[in-house]
Amino acid sequence: MAKNDKDHHHHHDERVEHNKMDHSEHVGHAYHEEQVEEGIHDRSNPSQHHDHHGHSDHSGHDHHHHGNFKEIFLKSLPIGIIILLLSPMMDIRLPFQFTFPYSDIVVAILATILLVYGGKPFFQGAIAEFKEKAPGMMALISLGISVSYLYSIYAVAARYVTSEHIMDFFFEFASLLLIMLLGHWIEMKAVGEAGDAQKSLAELVPKDAHVVLEDDSIETRPVSTLKVGDLVRVQAGENVPADGIIKRGVSRINEALLTGESKPIEKGVGDKVIGGSTNGAGILYLEVQETGDQSFISQVQTLISQAQDQPSRAENLAQKVAGWLFYIAIAVAFIAFVVWLYIADIQTAILFTVTTLVIACPHALGLAIPLVIARSTSLGASRGLLVKDREALELATKADVMILDKTGTLTTGEFKVLNMETLDGQHTEAEIAALMAGIEGGSSHPIAQSIVQYAEKQGIQPVHFDSIDVVSGAGIEGNANGRKYELISQKAFGRDVAVDVPKGATLSILVEDGNPIGTVALGDELKETSRMLIQALKHYNIKPIMATGDNETAAQGVAEELGIEYRANQSPQDKYDLVESLKNNGQTVIMVGDGVNDAPSLAIADVGIAVGAGTQVAIDSADVILTQSDPGDIESFIELANKTTSKMKQNLVWGAGYNFIAIPIAAGVLASIGITLVPAAGAVLMSVSTVIVAINAMTLKLRNRAV
């Protein structure tokens, strides 16, 4: 039986399980611990960098070149705490504060160290924003810490030079810098760092190839040195080193990770194979056809690179609000200076100007988004969602279309017995199952195993067969209880049988002494939550389209069952073009997939969602990872996106609303009627705003999803 096990299921036009590398453990642990903890990815300078998704992000919230915010915050914290203990808040000494002779000089020295070390990432971010002619959060923070520091140094110097007491802003300077560093660390920890799709893609191709020389000896060479025309040997279970044509040998090639075709494909002399696909049980000799830039893997890499040049369509509201505050603060401060210089003196003018600029830099705004992101990330992780790019949350709320891969995404990607029927009226279904499980019992083939497992679940004992042989190109035959049995394809049987075959399924017929006695239909099952997902998408007015590398029959069967549009026989280029054309028509596109063939379209889509049990390449190309590979989690992601975006907007109102009110009052616009922003009142308002923002972020919740 074992000698030709690789051939015996040629009769099944089967769709076999994916043989996927299961990265769910990697995603859930290694990714989260190593990358999320230290996640720093520079997006503050879009002219120099694109993130993994090609989204030129002006958020100023990710700074690979601006240092590790966790490290900077923790090292700045002791210095900041000393400043807070020694420096009164807007001239009001708090119960925990104390001073001693020359303590203000100590504070000035510590503040200088804190400005240079802790302020560096913000100044670098501000420079990047000004280069882009789009000042935002980093410019606003830099303005606040610079003005409060410089004026405070001036105040300390004046005390010793003129003996005049001038209020300093060291407390505000230190608290602002520490809160901003903390906010950025929280967000970096939540958002994490992009994976490297190109690197993971390259890892599919083995480093070495076994080249067959003229004397039939084997020489192991680096794949990079292969030339067109080289003959290479591929052992059983190895990944194919290059695109080529089979010259000798027969085997099953699993291309599921590359093309999305769910079944290992029987290939022999003259057939093409793709570099990176996995060889089955046979030994193959291939003539190399394509190397380097012309290979399938290289073309997919090129598509991913093209996707990385696509600009993001996210608005980044926090950055916009910070930009408005920056311009408003500068304008109001300038007007305040001119007016107070005219109606009072330069000292009064400077004080109102500085107060305006210090008040403008928002403690609450610095925490508004990071706290929501942290809460959202925690909620998402509890539902098996890892959100790598916060822009994905905003864009998902605007989604018009969702492109879904089939195999491994909407379906299990594994062969299952869909139904089993008796044909002759003399055998029960249990007897048919026992015979089929018996004849398939010696095989490790996925189709054979699915029949054996079906019988086991039904509690059916397989029939013992005296002999079993493979019938090449037809199926398998054997003898039991003095009778001859065959389990063969409908094509090999040569006659129609009166059974309903589920759309896209493969039918095999059990024959006893030449008479058909039973059938088994095998196919790729829909995941339990796929139907619920389609209903949810329609609820959110998101149009679902299935795009699969699988054949027309299999694709049509799943699409009709779900009631959605579909595209079959889709290559990576086809999927990429589909997403691009929808985007060019002004639609916001979410792409869900799990294979190498999905990676380019995951990268170019506005939001890419990778199914966690798929390939590392897909995971690296995506913005969101479903660690549990459950389509129902996509519904949770859409809900999370809507609720997170709503909370962000609420927090921006609370965080920035205070500033929009406080800035004009700080500038003295109501001074004529006796209303000015008393420093203590300003501090209280600032604290209340920050507390409200924190509480509001914590109220973010997801509803329990019915399973």
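Here, buried means under 20% relative accessible area, exposed means over 50%, and partly exposed is what falls in between, using a 1.4 Å probe and protein chains only. By that yardstick K75 is partly exposed, with a relative accessible area of 48%.

What you have above is a predicted model, where local features need pLDDT of at least 70 and side-chain atom pairs count only at pLDDT 80 or more, while totals for chains, interfaces and linings use all residues. Residues are numbered from 1 along each chain as its sequence is written, and side-chain values use heavy atoms, with hydrogens and water left out.

**The whole chain**

Let's start wide. The chain has 24 helices and 22 strands; these are DSSP runs numbered from the N terminus, with helices (H or I) at least four residues long and strands (E) at least two. Of the 707 residues in the chain, 57% are buried. The accessible surface comes to about 28,400 Å², and 56% of that belongs to carbon and sulfur atoms; such areas come from the Shrake-Rupley method with a 1.4 Å probe, and for residues only the protein chains shown count as cover. Now for contacts, meaning heavy atoms within 4.5 Å. Among those between residues at least 6 apart in sequence, 72% join residues at least 24 apart.

**Two open sheets**

Two strands pair if DSSP finds at least two bridges between them. Strands of a sheet pair through backbone hydrogen bonds, either parallel or antiparallel. One open sheet here has 6 strands in the order 2-1-3-9-4-7, with antiparallel pairing. Strand 2 and strand 7 (272–273) stand at its edges with a single partner strand each, so one side of each is left without a neighbour in the sheet.

Strand 3 (residues 231–234) is a good place to look around. Strand 1 (residues 208–212) is joined to strand 3 by 2 bridges, and strand 3 is joined to strand 9 (residues 284–290) by 4 bridges. On the strand 1 side, H210 stands opposite R233 and V211 stands opposite V232. Over in strand 9, L284 stands opposite V234. In a regular strand the side chains alternate between the two faces of the sheet. Strand 3 has V232 and V234 on a covered face, and L231 and R233 on an uncovered one.

T220 sits in strand 2 (residues 218–222). Leaving aside neighbours within four places in sequence, T220 touches D208, A209 and H210. T220 and V232 are 12 residues apart in sequence, and their C-alpha atoms are 9.4 Å apart.

Another open sheet has 3 strands in the order 6-5-8, again with antiparallel pairing. Strand 6 (265–267) and strand 8 (278–279) are at the edges, each with a single partner strand, so one side of each has no neighbour in the sheet. Strand 5 (residues 251–254) and strand 6 are joined by 3 bridges, and R252 has E266 in strand 6 as its bridge partner.

**Salt bridges**

Side chains of opposite charge can pair when their charged atoms come close. A salt bridge here is a side-chain nitrogen of Lys or Arg within 4 Å of a carboxyl oxygen of Asp or Glu, and a search of the whole structure finds 19 of them. Here are some of the pairs:

| Pair | Closest N to O distance |
|---|---|
| E71 and K75 | 2.9 Å |
| E635 and R703 | 3.0 Å |
| E639 and K643 | 2.9 Å |

E635 lies in helix 23 (residues 632–666) and R703 in the segment after helix 24 (679–698), so this pair ties together parts that are 68 residues apart in sequence. E635 is buried at 12% relative accessibility, whereas R703 is partly exposed at 41%. E639 and K643 are 4 residues apart in helix 23, which means about one helical turn separates them. E639 is buried at 5%, while K643 is partly exposed at 32%. Salt bridges that share partners join E635, E639, K643 and R703 into one network.

E71 and K75 are also 4 residues apart, in helix 2 (residues 69–86), so about one helical turn lies between them. E71 is partly exposed at 39%.

**A residue in helix 5**

S142 is in helix 5 (residues 137–161) and counts as buried because its relative accessibility is 7%. A polar atom of the S142 side chain lies 3.0 Å from the backbone oxygen of F122. Beyond its neighbours within four places in sequence, S142 is in contact with F122, F123 and A126.

Definitions and conventions: A polar contact is a pair of N or O atoms within 3.5 Å; within protein, one must be able to donate a hydrogen and the other to accept it, and residues adjacent in sequence count only if both atoms are side-chain atoms.
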